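Colleague: I am new to this structure and would be grateful for a close look at one part of it. Please begin with a single residue and its surroundings, and then widen the view.

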Amino acid sequence: MDFGLVLQTDPPASQVISLMKRAERNGFRYGWTFDSAVLWQEPFVIYSQILANTQKLHVGPMVTNPGTRTWEVTASTFATLNDMYGNRTVCGIGRGDSAMRVAGRAPNTLARLGEAIDVIRDLAEGREASVDGNPIRIPWIKDGKLPVWMAAYGPKALALAGQKADGFILQLADLYLTEWMIKAVRQAAVEAGRDPSAITICVAAPAYVGEDLAHARDQCRWFGGMVGNHVADLVSRYGEHSSMVPDELTEYVKARQGYDYSHHGRAGNPSTDFVPDEIVDRFCLLGPAEAHIEKLRALRDLGVDQFAVYDMHDAREATIDAYGSDVIPSFS
């Protein structure tokens with residue numbers, strides 16, 4: 001199992017770079033960031049410095065979307081980083097939550113997302129693709145490589161990930177839901193004539209190493225609120241107790257009373273008071289290192305290839321170091 005670190009690009013960028021360097025020293029192989037241009041600093045500028053200050057770390061957004069940048073710009077940006085530092089980028093992509101909604105736009109449709117996955121990958125790897133009906137190829141790209149991993153929760157999005165994506169990003173660590181969603185992605189891959197085992201499975205969730213569970217829960221409760229944005233969309237689309245979406249995912253959002261993006265992805269987010277302890281425990285990894293190892297082994301047995309640590313709490317350095325000393329060596 002590989003390990004990744006997920007950060008927001010809060011200023012100063014030098015701190016983001018320092019934490020990514022620390023992560024690589026501790027055995028992490030991937031460095032991810034949020035991508036929401038209004039809420040945080042521009043990640044692709046920071047990726048250049050992360051790559052320059054690490055040796056093997058792969059970087060990418062968790063996640064970008066097809067709406068805030070034109071597709072040829074996204075492809076060229078990834079390809080430029082790869083040309084400068086070797087093929088060390090991954091394009092995590094989804095419909096767009098905070099990046100779109102904060103700017104007053106709706107998330108992208110799945111049809112648009114599916115088209116963007118193909119176009120961005122083709123352009124970034126030097127092949128011709130059609131952009132707005134015009135054939136385009138970026139002529140300077142040689143030996144480009146860009147895996148595109150798609151984030152998804154709902155049945156149609158899971159199917160799209162299985163049909164088109166090189167990897168599947170699941171932003172929660174509940175064992176039942178992880179198993180259910182991996183099966184959905186792999187079944188869609190089979191139906192599309194693809195090798196399901198070729199799709200990389202990445203689970204991303206907050207991890208907090210320590211004995212004080214009450215404090216850890218409060219530091220990670222924001223995550224249930226972030227996931228709740230997507231879940232609320234699913235409830236709106238499919239209704240409550242739908243056979244299309246498990247109750248284990250949707251039940252807890254009944255008490256949701258809206259969401260303030262100014263606190264998005266932050267400990268102490270007042271918009272996440274509705275998230276019960278049970279959801280925090282199911283969706284996150286909390287407690288001593290032994291508890292993390294036990295849950296990670298269960299995730300690995302379900303087919304998870306990478307666990308990406310959301311490190312947005314008051315013990316960022318301590319969590320990176322604890323994973324480096326106590327957790328990651330168990331999966332070498």
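Modeller: The model is a predicted one, and I shall begin with E125. With a relative accessible area of 15%, E125 is buried, because that value falls under the 20% limit for a buried residue. E125 sits in a loop, the one that runs between α5 (110-124) and β5 (129-131). Once its neighbours within four places in sequence are set aside, the residues in contact with E125 are I141, G144, K145 and L146.

The helix α5 leads on to the largest pocket, since α5 is among the elements that give two or more residues to its lining; the others are α4 (98-101), β7 (148-151), α6 (155-164) and α9 (222-238). The volume of this pocket is about 650 Å³. Its lining consists of 38 residues, and those nearest the centre are G94, R95, G96, Y153 and H230. The greatest contribution to the lining comes from α9, with seven residues. Sorted by class, the lining holds 18 nonpolar, 13 polar and seven charged residues.

A second loop residue may be set beside E125. N26 is found between α1 (13-25) and β2 (30-33), in the loop there. N26 also counts as buried, at 17% relative accessibility. Leaving out residues up to four places away in sequence, N26 touches I320, D321, G324, S325 and I328.

Those partners bring us to helix α13, which spans residues 316-327. The axis of α13 and that of helix α12 (residues 289-301) come within 10 Å and cross at roughly 70°. The two helices are therefore roughly perpendicular. On the α12 side the contact is made by A289, H292, I293 and L296, and on the α13 side by Y323, D326 and V327. By class, the residues of this contact are five nonpolar, one polar and one charged.

Finally, F44 offers an example from within a helix, namely α2 (residues 43-52). F44 counts as buried, with 7% relative accessibility. Apart from residues up to four places away in sequence, F44 touches D35, P61, R69, T77, F78 and L81. As for distance across the model, F44 and E278 are 234 residues apart along the chain, and 36 Å separates their C-alpha atoms.

Notes:
Residues are numbered from 1 along each chain as its sequence is written. This is a predicted model: local features need pLDDT of at least 70, side-chain atom pairs count only at pLDDT 80 or more; totals for chains, interfaces and linings use all residues. Side-chain values use heavy atoms; hydrogens and water are left out. Helices (H or I, at least four residues) and strands (E, at least two) are DSSP runs, numbered from the N terminus. Buried means under 20% relative accessible area, exposed over 50%, partly exposed in between (1.4 Å probe, protein chains only). Contact means heavy atoms within 4.5 Å. On a 1 Å grid over the protein atoms alone, a cavity is a set of points where a 1.4 Å probe fits but cannot get out, and a pocket is an open set with protein on both sides within 12 Å along at least five of seven lines; lining residues have an atom within 4 Å of a point. Grid points are joined across faces, edges and corners, and a volume is the space filled by probe spheres set on the points. Ala, Val, Leu, Ile, Met, Phe, Trp, Tyr, Cys and Pro count as nonpolar, Asp, Glu, Lys and Arg as charged, and the others, Gly among them, as polar. Axes are lines fitted to C-alpha atoms, for helices over the stretch in contact, and angles run from 0 to 180 degrees between N-to-C directions. Angles under 35 degrees count as roughly parallel, over 145 as roughly antiparallel, 65 to 115 as roughly perpendicular and the rest as oblique.
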